[in-house]
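Let's take a walk through a protein together. Please have a look at the sequence and the structure, and then read on with both in view.

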Amino acid sequence: MKWIGGIALTVVLIGAYLFYGVLSQRYDAQHNLVLAHEPYVVSEAARALHETIPVADLHSDMLLWNRDPSKRHKRGHTDLPRLREGGVALQVFTAVTKTPPALNYDKNSSDKDALTLLMVAQAWPVATWGSIFERAIYQASRLEGLEHREDGAFVFAKNKSDLQSALDQGVLAGVYGVEGAHPLEGNLENVDGLFDVGLRVMGLQHFFDNELGGSLHGESGAGLTAFGRDAVTKAVSKGMIIDVAHSSEQVVRDVLALTDKPIIVSHTGVNGHCDSPRNISDDLMKEIADHGGLIGVGFWDGAVCDPSIDHVASAIIYAIALLGIEHVALGSDYDGTVTTAFDASELPALTQSLMDAGLEDDEIYAVMGGNTVRFFLEHLPD
Ligand SMILES: [Zn+2]
């Protein structure tokens, strides 16, 4: 009987190794891709300009994946070594907490959740398996742990002075956001709970309609619900920034009517440049900009149609012409199960591409990070 027990134990251990050690990493590697390419050529002039810029990006989903962010990885798009190599001074790290099985741009129902299996396969705390709120709390704790382990080389920025001191010291700063406010689980008090663990960018929807209102990819196309209005009002009063990426156009209009505080679209394309169901109308983008908002241009096909680096640059140039230079920023969607042409370490090549396209140095400075840094220094809590 002993040898049967030995075989059974071996089978369980191999199964656990495959399930926990291999499958989730393989999923990460297969879904956060960089297109094969020759090394980008970056001129002395572009590199010199890039080095003066506090590069900033409004959207990475790195926290969803079990990669040690302190180490450089071959899979995915972002980790601290690659962000630093790309000259990034400020990165918004966004928590994904629930997704439908298929990430359709046209329509998804809200009843299914494909993330539970990933949480289990990555051996996340049991509390995260059944609670969307706990998933957001856990991802904040990952950022908090990173700040401790990095011992001064990474700042989890929760207010203006955290960000300013990181910039002064030349240390990478991370701001915490959620991709959709379903972690509130319909309870306004959870705004406090999430604020207390450092949440500063509150996305309202992701791929499905939630308690706050309609998604751009949901079933209803609805605007803000009564709960959504209360949640936005409370989040703004606490100093959070509202992110309407993935929100229905009616939600965007309702938020603009509800608050004077500028809002962001953390990762998007611009419809007049790329006619995609992922992108809201140019007119509504203009209203967001007129409201003082910031639009992060994404690096993947669903946002910009063709994800080549020169085409991403053309999306940025289109957005500048439509919205004005001070309203355009980077919103990569790195590690958001997308394929890009360049990872975070290769961001100097985007400076080169914008230079080649004829932008002035001060315009490149603004879109590559100046605008986002200014926005967060102005709108994070004191
Ligand atoms: Zn997204």
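Setting aside residues within four places in sequence, Leu115 is in contact with Lys98 and Thr99. You can find Leu115 in helix α4, which covers residues 115-121. Please keep in mind that you are looking at a predicted model. Is Leu115 buried or partly exposed? Leu115 counts as partly exposed because it has 19 C-beta neighbours inside 10 Å, and a residue needs 20 or more to be called buried. For a sense of distance, try Leu13: it lies 102 residues from Leu115 along the chain, and the C-alpha atoms of the two are separated by 24 Å.

Now move along to helix α11, residues 282-290, where Met285, Ile288 and Ala289 are buried. On which side of α11 do they sit? These residues cover an arc of only 100° around the axis, so they are on the same side of α11. What covers them? The cover includes two helices, α10 (249-258) and α13 (309-323), together with the strands β8 (264-268) and β9 (294-297). Just after α11 comes Gly292, with a positive phi of about 90°.

The two strands in that cover deserve a visit of their own. In β8, 5 of the 5 residues are buried, so this strand is largely enclosed by the rest of the structure. β8 and β9 run parallel and are joined by 3 bridges. To see a bridge pair for yourself, find Thr268 and then its partner Val297 in β9. Put the pieces together, and β8, α11 and β9 make a right-handed β-α-β unit.

Next, let's look at how helices pass one another. Helix α2 (residues 44-52) and helix α14 (residues 348-356) have axes that come within 9 Å and cross at roughly 115°. Their crossing is right-handed. On the α2 side, the contact is made by Ala46, Arg47, Leu49 and His50, while α14 brings Pro348, Thr351, Gln352 and Met355.

A second pair to find is helix α7 (residues 160-169) with helix α15 (residues 361-379). The axes of α7 and α15 come within 8 Å and cross at roughly 145°. What is the hand of the crossing of α7 and α15? This crossing is left-handed. Here Lys160, Leu163, Gln164 and Leu167 in α7 meet Val373, Phe376 and Leu377 in α15.

Our last stop is about the backbone. Most residues other than glycine have a negative phi. With that in mind, go to the loop between β10 (328-330) and β11 (339-340), where you will find Asp335. Asp335 is not a glycine, yet its phi is positive, at about 65°. Thr337 has its place in the loop between β10 and β11 as well. The phi of Thr337 is near 50°, again a positive value in a residue other than glycine.

How do these two residues sit in their surroundings? Asp335 counts as buried because it has 28 C-beta neighbours inside 10 Å. Thr337 has 18 other C-beta atoms within 10 Å, so it is partly exposed. As you turn the model, try to find both of them in their loop, Asp335 as the buried one and Thr337 as the partly exposed one.

Definitions and conventions:
Residues numbered from 1 in each chain as written. Predicted model: local features only at pLDDT ≥ 70, side-chain atom pairs only at ≥ 80, totals over all residues. Helix = DSSP H or I, 4+ residues; strand = E, 2+ residues; numbered from the N terminus. Buried ≥ 20, exposed ≤ 12 C-beta atoms within 10 Å, placed from the backbone. Arc of directions from axis to C-beta. Contact = placed C-beta atoms within 7 Å. Pairing = 2+ DSSP bridges. Right-handed = clockwise from strand over helix to strand, strands pointing away. Axes fitted to C-alpha atoms, helices over the stretch in contact; angles between N-to-C directions. Left-handed = near helix turned anticlockwise from the far one by under 90°.
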